[in-house]
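Good morning, and thank you for making time for this item. I shall go through one chain, beginning with its overall make-up and ending with its pockets.

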Amino acid sequence: MDWVGYVAGQTTGGGLIKNVSGSDSIAITTNAPLEALGDICTVLLGAFESQQYRERFPFIDYLSPIPEHDPAFSTLNDRVISMLGRRAYERISVAYPEIPDFERMDHLKIWDASLQMEIEDLSLSPVYEFLDKAGGAPDPFRTYVVVLDSGGHAIMRKRALWDFLVSEVELDGRTYVLSLGHWFAVDQPFVDRLRKDMQQIPDLTGELCMPDMLGGEREDHYNTRVAREKGWLALDKRMAPVDSPYARVEVCDLITDVLHFVAVKKTPSSATLSHLFAQGLVSATLLKGDQSYRRWVMDEILGKWPGKTDADTDGKPFVFAVATEKAGPLTESLFFFSQINLIQQKDAIERMGYRVGLCKITQQKPGASAVKKTKRRGKGGVPAAAKTTRKGA
């Protein structure tokens with residue numbers, strides 16, 4: 001549940017309006033004659049005044065967009081640029097502004113007017129390494145990032161580094177969040193309730209004791225290594241057959257010997273973590289209500305531990321394991337939108353009789369192997385090799 005920028009879909013219940021889409025303005029599809037325009041406007045006004053949106057997007061009422069002419073706007077921007085300048089790791093991160101095709105993704109390119117660098121993965125460490133090499137004051141509005149496949153072709157349009165930044169800033173007693181290049185002021189009582197709810201989620205980091213994720217290590221390689229080292233069951237990329245309306249679903253990444261269902265993500269961004277939390281909810285829902293899915297899971301568990309007498313999935317915890325470079329408990333390093341989404345998914349999972357826990361995985365900072373190559377732009381601007389990749393971007 002990230003900030004809603006655009007909505008499109010079919011209306012419910014039939015009637016004059018068939019399809020609707022828009023953000024600040026609205027577009028509709030209707031077969032009604034022109035004479036019905038007054039009735040259509042009445043329907044639209046009723047929808048605008050309705051509170052039904054709170055069922056799916058309750059957080060919208062607690063967020064206020066900050067326009068550029070607001071006195072706090074430039075101060076907030078300066079705070080984030082200052083964080084970049086001192087290479088901070090607290091209250092700032094980088095996140096994909098849209099979810100790329102991870103199956104095709106090979107590396108990323110980051111560049112400015114004088115330097116370009118190819119990096120293996122999106123995290124603060126290689127971004128800061130680039131800024132160190134580029135020198136000068138960081139300019140996230142004129143530094144660009146693009147996601148590339150193995151052939152160097154863009155699989156996501158280039159964006160300014162600013163669009164990748166996620167941050168939370170306390171200013172004059174209020175909490176502000178930066179997401180997708182926009183600032184939002186957050187209702188403080190809502191922030192306080194959210195933090196209290198987060199503190200209630202069990203931290204299983206010490207109990208699971210998962211090894212560090214190496215710098216530049218892929219998620220699937222990490223899961224395979226952990227399963228081997230700890231004797232756990234690896235289900236990463238293994239799809240369980242289920243009944244309609246689903247086809248095949250990934251249960252989780254790892255199952256421990258005491259039947260913790262562990263889902264792993266290495267990039268602590270709102271978009272990818274929303275996918276992680278949704279995976280847990282879907283899996284819990286199917287374990288509860290789909291016999292073929294549950295039977296497949298039990299067969300895998302008993303295949304790994306044939307003599308297991310307590311192989312019952314009821315009431316077992318779904319553990320969201322997040323790899324992060326940040327210090328401190330995981331509950332304090334997740335950003336605002338991720339916290340909202342986690343609490344919503346947690347409540348839904350627990351209503352089905354399961355439990356939810358968190359586990360922090362320490363992600364080591366990438367070494368030299370995580371940086372593919374660096375090019376300095378010469379007097380003529382972009383070097384030949386860079387011109388080719390930039391054109392592709």
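Let me begin with a term: two residues are in contact when they have heavy atoms within 4.5 Å of each other. Please also keep in mind that what you see is a predicted model. Among contacts in the chain between residues at least 6 apart in sequence, 65% join residues at least 24 apart. The chain holds 12 helices and 20 strands. Of its 393 residues, 49% are buried.

I turn to the sheets. One open sheet is built from three strands, in the order β1-β2-β3, with antiparallel pairing. Its edges are β1 and β3, each of which pairs on one side only. From one strand to the next, the twist averages 10°. Within this sheet, four bridges connect β2 and β3 in the antiparallel sense, and G22 has I26 in β3 as its bridge partner.

Another open sheet has five strands, ordered β4-β12-β11-β10-β5, and here too the pairing is antiparallel. The edge positions belong to β4, residues 63-65, and β5, residues 92-94, each pairing on one side only. The average twist from one strand to the next is 25°. At one end of that order, β5 pairs with β10, residues 165-171, in the antiparallel sense over three bridges. There, S93 stands opposite V166 in β10.

Which helices pack on this five-stranded sheet? Helix α2, residues 71-85, lies across β5, β10, β11 and β12, and runs at about 120° to β10. Helix α11, residues 336-351, also packs on the sheet, where it touches β4, β10, β11 and β12. The direction of α11 makes about 95° with that of β11.

Next, two strands that deserve attention for their burial. How many of the eight residues of β18 are buried? The count is eight of the eight, across residues 317-324, so this strand is largely enclosed by the rest of the structure. As background, side chains in a regular strand alternate between the two faces of the sheet. In β18, P317, V319, A321 and A323 point one way, while F318, F320, V322 and T324 point the other way, and all are buried. The neighbours of β18 include β17, which runs parallel to it and is joined to it by five bridges; V262 stands opposite V319 in that pairing. Strand β19, residues 355-362, also runs parallel to β18, joined by eight bridges. In β19, K360 is the bridge partner of V322.

The other strand is β7, residues 115-119, which is mostly covered, with five of its five residues buried. L115, M117 and I119 point one way from β7, and Q116 and E118 point the other way; all of them are buried. Strand β6, residues 107-111, pairs with β7 in the antiparallel sense over four bridges. The two form a hairpin with three residues between them, and I110 has M117 in β7 as its bridge partner.

Finally, the pockets. The largest pocket holds about 1,700 Å³ of space. It is lined by 36 residues, and those closest to its centre are V7, V20, I26, A47 and Y53. Which elements each supply at least two residues of this lining? They are β1, β2, β3 and α1, the strands being those of the three-stranded sheet described earlier. Helix α1, residues 37-49, gives the most, with six residues. By residue class, the lining of the largest pocket divides into 18 nonpolar, 14 polar and four charged.

The second largest pocket holds about 1,100 Å³ of space. Of its 29 lining residues, the closest to the centre are F102, E103, E219, K237 and K265. Helices α7 and α8, together with strands β15 and β17, each supply at least two residues of this lining. Helix α8, residues 270-289, gives the most, with four residues. Strand β17 is also the one joined to β18 by five bridges. The lining of the second largest pocket comprises nine nonpolar, six polar and 14 charged residues.

To close, I would draw the group back to the two linings. The largest pocket has four charged residues in its lining, whereas the second largest has 14. Thank you; I should be glad to take questions.

Note on methods: Residues numbered from 1 in each chain as written. Predicted model: local features only at pLDDT ≥ 70, side-chain atom pairs only at ≥ 80, totals over all residues. Heavy atoms only, no water. Pairing = 2+ DSSP bridges. Axes fitted to C-alpha atoms, helices over the stretch in contact; angles between N-to-C directions. 1 Å grid on protein atoms, 1.4 Å probe; cavity = no way out; pocket = protein on both sides within 12 Å on 5 of 7 lines; lining within 4 Å. Points joined across faces, edges and corners; volume = space filled by probe spheres on them. Nonpolar A, V, L, I, M, F, W, Y, C, P; charged D, E, K, R; others polar. Buried < 20%, exposed > 50% of the residue type's maximum accessible area, 1.4 Å probe, protein only.
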